[in-house]
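Work through the exercises below with the coordinates open, and try each task before reading its solution.

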Amino acid sequence: MSSLIRSLTDRIIPSTKHQNATKPGPNGFLTAKGIDALFPRTKAEVDGDDCLRDCETCTIHYPNKFSIDEEDKLYGEIKGWSRHMIVATGKTDWVRDVEDEAGSVMQAVGKHVSEVEGGRLMLSASNIPTPSAIMGDSDNKGDYERSTRVLLLPAFQWIIGVTPETVPAVIKSAINASPTNTQRTTPTQTNGTLSSTSDLPSLSSLQISAQSLPDPIALTPCPHKYLILLCSQATRDARCGQSAPLLRRELERHLRPLGLYRDIGDERPGGVGIYFISHVGGHKYSANMLVYRRAEQARTVAEQMENGTSAGLGGIVGGKAKAVVEGEAAQCIWLARVRPEDCENIVRFTVLQGKVVKPEKQLRGGFDREKGVVSW
């Protein structure tokens with residue numbers, strides 16, 4: 001009963017126009033000042049009563065002494081970013097500041113970050129397997145003497161063969177040429193009518209070209225439809241190291257029946273990739289979760305949850321693997337204070353539909369490139 005009351009309380013909202021308030025933002029986008037101006041919240045009359053309840057079958061729980069800040073206002077307090085570079089290290093924890101990892105790509109990016117154009121680059125180390133680990137030639141302890149790969153968002157592209165020495169070339173030929181979070185994925189619309197985007201940078205001028213990359217660097221699309229990034233850096237806060245693996249297990253439990261779970265190193269087309277990343281800020285609100293969603297056509301909930309085989313999800317159709325639907329990230333939904341019992345509805349509503357279940361309690365911010373709205 002207390003859980004139900006708490007869930008209902010989390011969804012009580014003030015009936016005010018300020019919840020949908022916006023103001024002019026970066027690069028022609030709008031800044032969502034009100035918490036409902038960025039992502040839609042779940043509503044029982046639309047989404048059913050399940051959106052009012054935490055998972056009742058959850059058997060995974062945080063340690064008894066797991067305590068976080070429950071009082072601070074979360075929304076709108078994060079620093080804006082233009083691109084996200086996620087470096088494969090095969091590790092789940094790193095030195096306090098990943099730019100201090102000696103001999104790593106992260107350290108090289110830190111040294112050359114002034115060469116990045118187009119806004120702030122968010123840099124994360126991750127547990128994504130390195131190419132040498134995939135080939136079975138690594139001890140998974142962070143072999144920085146060999147080349148690795150990086151995942152670039154919102155482009156949803158892998159850059160292969162990256163070393164500290166090639167970082168300047170990667171910045172120039174790939175990062176600076178890639179789309180940003182404040183580049184629309186669709187033409188601007190006002191009252192149903194297309195409006196001019198001549199004041200915005202051209203998407204055609206922000207496309208990575210494989211031909212422009214120096215040898216031996218290569219480019220390949222990320223096969224996943226969705227990405228869930230969990231902060232796991234225990235050297236910053238033990239709670240991050242505790243929460244990430246527990247959330248991953250609970251997310252797996254809900255994704256597997258839908259055919260959407262992708263284990264680490266599983267790069268079948270579609271599905272949900274779940275990766276651990278380094279500190280993103282706000283560890284006192286653990287667990288932090290970033291959900292990246294590709295642009296997609298409107299579909300019913302049933303279509304989205306049809307065992308991972310509906311359009312755009314990838315999976316097995318007619319005995320054959322479906323090709324991945326390529327596209328850039330349209331949204332990033334940044335949540336905090338996430339607990340295992342939240343995972344069922346996060347999969348059902350946030351990952352698959354782009355809705356937020358507990359915005360006042362959990363939403364820190366993010367962007368929507370189709371609507372042209374950011375939280376900063």
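Asp-54 is buried, with a relative accessible area of 10%, in what is a predicted model.

**Exercise 1.** Determine which residue forms a salt bridge with Asp-54, and explain why the pair ties together parts far apart in sequence.

*Solution.* Begin with the distance criterion, under which a side-chain nitrogen of Lys or Arg must lie within 4 Å of a carboxyl oxygen of Asp or Glu. The partner is Lys-358, for which the closest N and O atoms are 2.9 Å apart, so the pair satisfies the cut-off. Next, place both residues: Asp-54 belongs to the loop between helix H2 (44-47) and strand S3 (83-88), while Lys-358 belongs to the loop between helix H8 (343-353) and helix H9 (359-362), so the bridge ties together parts that are 304 residues apart in sequence. Finally, check the burial of the partner: Lys-358 has a relative accessible area of 3% and is therefore buried, the limit being under 20%.

**Exercise 2.** Locate the salt-bridge partner of Asp-69 and describe the backbone and the surroundings of that partner.

*Solution.* The partner is Arg-337, with the closest N and O atoms 3.5 Å apart. The pair links distant parts of the chain, since Asp-69 sits in the loop between H2 and S3 and Arg-337 in the loop between strand S16 (329-335) and H8, 268 residues apart. Both Asp-69 and Arg-337 are buried, and for Arg-337 the relative accessible area is 2%. Turning to the backbone, phi of Arg-337 is near 55 degrees, which is a positive value in a residue other than glycine.

**Exercise 3.** Find the residue in the loop between strand S5 (148-153) and strand S6 (157-162) that has a positive phi, and decide whether it is buried or exposed.

*Solution.* The residue in that loop is Phe-156, whose phi is near 55 degrees although Phe-156 is not a glycine. With a relative accessible area of 1%, Phe-156 is buried.

**Exercise 4.** Identify where cis peptide bonds occur, and assign each to its loop.

*Solution.* One cis bond runs from Asp-215 to Pro-216, with omega near 0 degrees, and Pro-216 is located in the loop between strand S8 (193-194) and strand S9 (218-221). Another joins Ser-286 and Ala-287, with omega about 10 degrees, and Ala-287 lies in the loop between strand S12 (272-277) and strand S13 (289-294).

**Exercise 5.** State how many salt bridges are counted, and name the residues linked in a network.

*Solution.* The count comes to 21 salt bridges. Asp-50, Arg-53, Glu-344 and Arg-348 are linked by salt bridges in a network.

Key
Residues numbered from 1 in each chain as written. Predicted model: local features only at pLDDT ≥ 70, side-chain atom pairs only at ≥ 80, totals over all residues. Heavy atoms only, no water. Helix = DSSP H or I, 4+ residues; strand = E, 2+ residues; numbered from the N terminus. Buried < 20%, exposed > 50% of the residue type's maximum accessible area, 1.4 Å probe, protein only.
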